[in-house]
2 protein chains.
Amino acid sequence: MRIDALQYANWSKTIFEQMREGGVDAVHVTISYHENFRETVLNFEQWNRWFEQYPHLIMKGVSAKDIDIAKKTNRTAIFFGFQNPSPIEDDIGLVEIVHTLGARFMQLTYNNQSLLATGCYEDEDPGITRMGEQVIREMNRVGLVIDMSHSSDRSTMEAAEISSRPIVISHANPHSWMPARRNKRDEVIQAVVNGGGMLGFSLYPHHLKDKGDCTLESFCEMIARTADTFGVEHLGIGSDLCQDQPDSVVEWMRVGRWSKTVDYGEGSADLPGFPPMPSWFKDNRDFGNLEQGLKNTGMSDNEVKAVMGENWYRFFAGNFAPLPANS
Amino acid sequence: MRIDALQYANWSKTIFEQMREGGVDAVHVTISYHENFRETVLNFEQWNRWFEQYPHLIMKGVSAKDIDIAKKTNRTAIFFGFQNPSPIEDDIGLVEIVHTLGARFMQLTYNNQSLLATGCYEDEDPGITRMGEQVIREMNRVGLVIDMSHSSDRSTMEAAEISSRPIVISHANPHSWMPARRNKRDEVIQAVVNGGGMLGFSLYPHHLKDKGDCTLESFCEMIARTADTFGVEHLGIGSDLCQDQPDSVVEWMRVGRWSKTVDYGEGSADLPGFPPMPSWFKDNRDFGNLEQGLKNTGMSDNEVKAVMGENWYRFFAGNFAPLPANS
């Protein structure tokens with residue numbers, strides 16, 4: 001089983017076919033960065049069209065059982081998520097609404113301060129806000145998973161503490177391996193896994209040692225060492241694959257509508273666009289490379305299977321449904 | 001089994017308790033008249049709050065099976081509908097979105113011309129529009145039932161013709177019994193039932209012979225005669241109960257935001273508000289009166305059960321799910 005816990009590609013029939021070629025059974029796709037509720041609904045609508053147009057390649061996923069159906073019917077189950085809480089605006093009632101529409105992950109922040117928490121590019125991190133605490137409880141209630149990939153340390157650790165259900169960092173790597181701003185310090189990873197949470201390893205070049213020149217060996221060795229430290233059961237893939245996107249999209253991710261000047265985020269004025277991917281992970285057909293690379297580290301078959309998909313499957317099975325009433 | 005295919009009450013714990021006292025297993029409730037999409041979402045949110053607050057009285061209904069669950073757990077299943085297509089604005093993609101959120105009925109018009117069809121208060125009825133034809137097909141595809149209660153004759157008959165699935169008049173009576181503008185001529189009822197559709201009998205006084213003074217005997221005799229003409233299997237109740245609503249609400253229903261002057265609809269300047277209900281049907285506890293009244297006409301037990309709920313149950317079971325792909 002192969003599950004990728006984050007992609008934001010320029011979706012097309014070609015990419016959906018590559019998912020099948022790569023044996024990818026489920027993908028958590030980002031459908032909103034800075035979109036408000038109504039704009040996010042347009043993105044749900046676009047996916048509804050793709051499900052109607054490509055019923056033999058993809059299907060909507062709302063629970064882990066849909067991955068079983070997808071496997072049986074040779075399709076990829078698509079699970080929705082937001083990288084920012086902008087889709088719920090200032091309205092806590094929208095948490096249940098977006099869950100009903102199919103959202104299963106929501107980041108509390110994307111780089112900046114949000115209404116809920118602090119992003120990893122802010123200088124100050126005052127932690128989870130008043131509304132943030134309420135929204136975490138509501139997300140717990142309905143089964144919308146808290147994702148802190150783009151959040152700062154204190155906010156992440158407070159979210160792990162407040163949340164009654166496991167939280168995730170869907171796409172990042174350990175800061176100790178590659179000290180990028182988006183990568184996570186050990187105490188942050190520890191706080192997430194202590195609550196039963198998950199870390200998805202990112203293939204986004206800015207998160208990799210030597211960026212696009214990172215070797216498969218270095219990446220997989222890092223995973224094996226992270227398993228030694230935090231336990232293999234908390235680890236999966238969150239590739240952050242942004243295949244076929246024009247550079248205007250990375251600018252939208254970084255700048256949205258919040259600034260009139262360009263913010264380069266992890267890039268720079270010299271390298272403002274998407275960075276080149278490593279040669280061994282260019283698209284969904286390359287998951288086999290990852291699997292082989294993990295085996296080459298000496299990890300057992302069961303450990304490799306856990307990281308490639310079974311851990312995410314178990315996590316999906318436990319965290320997408322509402323809590324029983326009065327719990 | 002008792003099913004009411006239309007209510008728009010000023011919802012409260014009291015009314016939910018009365019539903020239980022009256023043995024009402026399912027109610028189709030109106031959640032939008034003139035609300036746009038975002039406003040309609042606020043109404044879904046309000047219902048989510050009620051489901052959370054009163055889990056022992058009510059539950060959300062999305063398929064006929066939910067009525068079985070409601071019966072077993074001594075609750076009322078609530079099914080959502082709109083009396084106007086305003087919630088989908090000019091965006092056909094919203095048809096599937098509102099269905100995913102739980103909408104199961106949508107009127108193509110409310111009294112006036114809409115983007116889709118013509119309402120029963122217009123002087124001219126040009127029939128189903130270009131967008132209307134597209135939306136009917138999309139409603140068919142996703143399982144959102146076409147309700148023509150407030151539409152004009154030509155539009156209703158064309159909708160019945162275009163639709164590949166049965167359509168309904170959820171709340172109205174035969175024009176031959178009470179010649180109100182909102183009641184339906186025989187050829188319109190025939191067009192609806194020819195396609196397997198349903199007529200829900202209304203208790204709204206303006207639709208009753210002698211209005212609030214209508215006798216239970218007259219109402220039930222009318223039902224028995226309608227069964228003789230059109231077949232009992234096409235008939236149910238759609239009470240149009242607007243319990244506890246202030247008169248400002250009937251003004252909102254009639255005027256929305258489309259006029260700066262008051263339109264009295266079925267009322268008049270002398271009687272601008274909600275008319276008084278018949279003494280034998282004041283709230284959800286009075287469904288037993290209807291049942292007894294139908295028995296008194298000489299209808300068989302099976303016929304009475306069919307009208308009181310079983311026909312709607314069968315209709316719900318057949319018409320709320322999406323069509324199979326490629327059908």
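This section describes the chain arrangement, nonpolar core, helix H11 and selected loop residues of a predicted model.

The two chains were compared by superposition. Chain A can be laid on chain B by a turn of 180° with a shift of 0.0 Å along the axis, and the RMSD is 0.0 Å. The two copies are thus related as by a two-fold rotation axis. The contact between the chains takes twelve residues from chain A and twelve residues from chain B. On the side of chain A that touches chain B, the elements giving two or more residues are helix H2 (37-53) and helix H4 (93-101) of chain A. By class, this side of chain A has six nonpolar, three polar and three charged residues. Of the interface residues of chain A, 100% are also interface residues in chain B, so the copies meet through the same surface.

The largest nonpolar core has 177 residues. The residues with the most contacts inside this core are A:Ile146, A:Ala159 and A:Val192, together with B:Ile146, B:Ala159 and B:Val192. With residues up to four places away in sequence left out, A:Ala159 touches A:Leu108, A:Ala117, A:Ile128, A:Ile136, A:Ile146, A:Met148 and A:Ile167. A:Ile146 thus appears both among the core residues with the most contacts and among the residues touched by A:Ala159.

Helix H11 was examined in each chain. In chain A, H11 covers residues 301-319, has 19 residues and reaches 26 Å from its first C-alpha to its last, close to the 27 Å expected at 1.5 Å a residue. H11(A) nevertheless bends by about 60° at A:Val307. A:Val307 is itself one of the buried residues of H11(A). The others are A:Glu303, A:Val304, A:Ala306, A:Met308, A:Gly309, A:Asn311, A:Trp312, A:Phe315, A:Phe316 and A:Asn319. The cover over these buried residues includes strands S1 (3-7), S6 (145-147), S8 (198-201) and S9 (235-237) of chain A, as well as helices H8 (216-230) and H10 (287-296) of chain A.

In chain B, the 19 residues of helix H11 (residues 301-319) should span 27 Å at 1.5 Å a residue, and the end C-alpha atoms are 26 Å apart, which agrees. H11(B) bends by about 60° at B:Val307. Buried residues of H11(B) include B:Val307, B:Trp312, B:Phe315 and B:Phe316. The buried residues of H11(B) pack against strand S1 (3-7), strand S6 (145-147), S8, H8, strand S9 (235-237) and helix H10 (287-296) of chain B.

B:Asn311 lies in helix H11 of chain B and counts as buried, with 25 C-beta neighbours inside 10 Å. B:Asn311 touches B:Met198, B:Glu233, B:Leu235, B:Gly236 and B:Ala306, residues up to four places away in sequence not being counted. B:Asn311 and B:Gly236 are 75 residues apart in sequence, and their C-alpha atoms are 6.4 Å apart in space.

The loop between strand S8 (198-201) and helix H8 (216-230) of chain B holds B:Leu203. B:Pro205 is placed in the loop between S8 and H8 of chain B. B:Leu203 counts as buried, with 25 C-beta neighbours inside 10 Å, and B:Pro205 counts as buried with 20. Beyond four places in sequence, B:Leu203 touches B:Ser239, B:Asp240, B:Leu241, B:Met277, B:Pro278 and B:Phe281. On the same basis, B:Pro205 touches B:Lys211, B:Gly212, B:Pro275, B:Pro276, B:Met277 and B:Pro278. B:Met277 and B:Pro278 are thus touched by both B:Leu203 and B:Pro205. The C-alpha atoms of B:Leu203 and B:Lys295, 92 residues apart along the chain, are separated by 18 Å. For B:Pro205 and B:Ile78, 127 residues apart along the chain, the C-alpha separation is 24 Å.

Two loop residues of chain A have positive phi values without being glycine. A:Lys211, in the loop between S8 and H8 of chain A, has a positive phi of about 50°. A:Lys211 is partly exposed, with 18 other C-beta atoms within 10 Å. A:Asp240, in the loop between S9 and helix H9 (247-255) of chain A, has a phi near 65°. A:Asp240 is buried, with 24 other C-beta atoms within 10 Å.

Conventions
Residues numbered from 1 in each chain as written. Chains lettered and ligands numbered in written order. Predicted model: local features only at pLDDT ≥ 70, side-chain atom pairs only at ≥ 80, totals over all residues. Helix = DSSP H or I, 4+ residues; strand = E, 2+ residues; numbered from the N terminus. Expected span 1.5 Å × (residues − 1). Bend = angle between axes of the 7 residues up to and from the residue. Buried ≥ 20, exposed ≤ 12 C-beta atoms within 10 Å, placed from the backbone. Contact = placed C-beta atoms within 7 Å. Nonpolar A, V, L, I, M, F, W, Y, C, P; charged D, E, K, R; others polar. Least-squares fit on C-alpha atoms with pLDDT ≥ 70 in both. Core = buried A, V, L, I, M, F, W, Y, C linked by C-beta atoms within 7 Å.
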